[in-house]
Amino acid sequence: MKKLILTTTALALSAGMAFAGSHSMTVRMGTEGAYPPFNFINDSGEVDGFERELGDELCKRAELKCEWVTNDWDSIIPNLVSGNYDTIIAGMSITAERMEKIDFTEAYTQPDPSAYAVLSTDVDIKTGVIAAQANTIQAAFVAEAGAQLVEFATVDEALAAVVNGEADAILADKASLTDYVAADDALMFLEQEEMIGGGVGMGIRKSDAELRGKFDAAIKSMKDDGTLNALITKWQIGETF
């Protein structure tokens with residue numbers, strides 16, 4: 001175990017030094033590709049969505065050459081730390097627990113309410129079965145509340161569990177559920193919402209302070225000129241800045 005930890009640390013440090021030593025290297029943007037409207041794979045097999053547009057613009061402003069990499073959510077932080085890519089831009093809320101492992105840029109979205117999607121408003125979220133994507137702030141919230149939690153690899157799978165009767169509700173970012181609820185007459189939102197998380201930011205290795213600084217400056221410039229608000233409105237992400 002100690003050897004594994006040392007190896008992971010060495011990989012993270014070497015990745016950070018590689019960035020610091022070469023401004024012409026390609027910055028690999030890691031995302032899930034399964035969390036619309038933040039990020040998803042379009043019909044052409046390419047990463048699309050709010051974060052694709054945002055990330056491309058941030059790379060342009062930071063004068064960085066970037067490429068997109070997809071990774072499953074449950075291993076997205078470990079694979080950043082081990083150097084498989086250089087950023088996480090995947091609808092990841094900034095939390096104290098995550099900041100023990102990685103750094104974050106400043107937030108590029110406001111905190112978004114988490115909503116319950118259900119088939120009936122009679123659902124009791126205290127005694128019912130609540131589905132959530134694994135390793136999310138919503139899953140942690142349900143577990144801490146003492147409700148019966150069922151975790152799934154993706155939001156799609158968690159939502160399917162509700163539709164199929166395996167779960168009574170799904171708790172997720174409201175922005176990620178809105179299109180699903182609008183497209184399915186059987187689904188609806190409960191009035192109760194939960195405010196958890198501190199906004200969404202880009203995850204960066206702790207050794208890559210220079211890279212974080214470049215993206216921080218780019219995010220701030222997009223906030224200052226209104227470009228970020230325009231993207232948030234276009235993709236119906238939530239409240240603007």
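This passage looks at the confidence of a predicted model, one helix pair, and the cavities and pockets.

The model is predicted, so a look at its confidence comes before the rest. Averaged over the protein chain, pLDDT comes out at 91, and 90% of the residues get to 70 or more. One stretch that does poorly is residues 1–22, where pLDDT stays under 50. For this stretch the model has 22 contacts beyond four places in sequence.

Next comes a pair of helices. Helix H2 covers residues 50–61 and helix H8 covers residues 209–225. Their axes come within 9 Å of each other, crossing at roughly 110°. Angles of 65 to 115 degrees count as roughly perpendicular, so that is the label for H2 against H8. On the H2 side, the contact is made by Leu54, Glu57, Leu58, Cys59 and Arg61. H8 brings in Phe215, Ala218, Ile219, Ser221, Met222 and Asp225. Sorted by class, the residues of this contact come to seven nonpolar, one polar and three charged.

Now for the enclosed spaces. Searching the whole structure turns up three cavities of 30 Å³ or more. The largest cavity holds about 110 Å³ of space. Its lining is made up of Tyr35, Trp73, Gly91, Ser93, Arg98, Gln133, Thr136, Ile137, Gln138, Val155, Ala172 and Asp173. Two elements, helix H5 (137–145) and strand E11 (169–173), each chip in at least two of the lining residues. As for chemistry, the lining of the largest cavity splits into five nonpolar, five polar and two charged residues.

The second largest cavity has a volume of about 60 Å³. Around this second cavity sit Phe38, Ser93, Thr109, Gln110, Pro111, Asp112, Asp173, Ile196, Gly197, Gly198, Gly199 and Val200. Ser93 and Asp173 turn up in the lining of the largest cavity and in that of the second largest. By class, the second lining has four nonpolar, six polar and two charged residues.

The open pockets come last. About 510 Å³ of space lies in the largest pocket. It is lined by 21 residues, and those closest to the pocket's centre are Ile77, Glu97, Arg98, Lys101 and Asn135. Arg98 is also part of the lining of the largest cavity. Helix H3 (76–81), helix H4 (96–99) and H5 each hand over at least two residues to the lining of this pocket. H5 gives the most, with five residues. Sorting the lining of the largest pocket by class gives twelve nonpolar, three polar and six charged residues.

The second largest pocket has a volume of about 160 Å³. Lining this pocket are Tyr116, Ile125, Lys126, Ile130, Phe141, Val142, Ala145, Gly146, Ala147, Gln192 and Glu194. H5 and strand E12 (188–194) each supply at least two of these lining residues. Once again H5 is a name to remember, with three residues that make up the largest share of this lining. The lining of the second largest pocket divides into seven nonpolar, two polar and two charged residues. Taken together, H5 supplies residues to the lining of the largest cavity, to that of the largest pocket and to that of the second largest pocket.

How values were computed. Residues are numbered from 1 along each chain as its sequence is written. This is a predicted model: local features need pLDDT of at least 70, side-chain atom pairs count only at pLDDT 80 or more; totals for chains, interfaces and linings use all residues. Side-chain values use heavy atoms; hydrogens and water are left out. Axes are lines fitted to C-alpha atoms, for helices over the stretch in contact, and angles run from 0 to 180 degrees between N-to-C directions. Helices (H or I, at least four residues) and strands (E, at least two) are DSSP runs, numbered from the N terminus. Angles under 35 degrees count as roughly parallel, over 145 as roughly antiparallel, 65 to 115 as roughly perpendicular and the rest as oblique. Contact means heavy atoms within 4.5 Å. Ala, Val, Leu, Ile, Met, Phe, Trp, Tyr, Cys and Pro count as nonpolar, Asp, Glu, Lys and Arg as charged, and the others, Gly among them, as polar. pLDDT is the predictor's confidence in each residue, from 0 to 100. On a 1 Å grid over the protein atoms alone, a cavity is a set of points where a 1.4 Å probe fits but cannot get out, and a pocket is an open set with protein on both sides within 12 Å along at least five of seven lines; lining residues have an atom within 4 Å of a point. Grid points are joined across faces, edges and corners, and a volume is the space filled by probe spheres set on the points.
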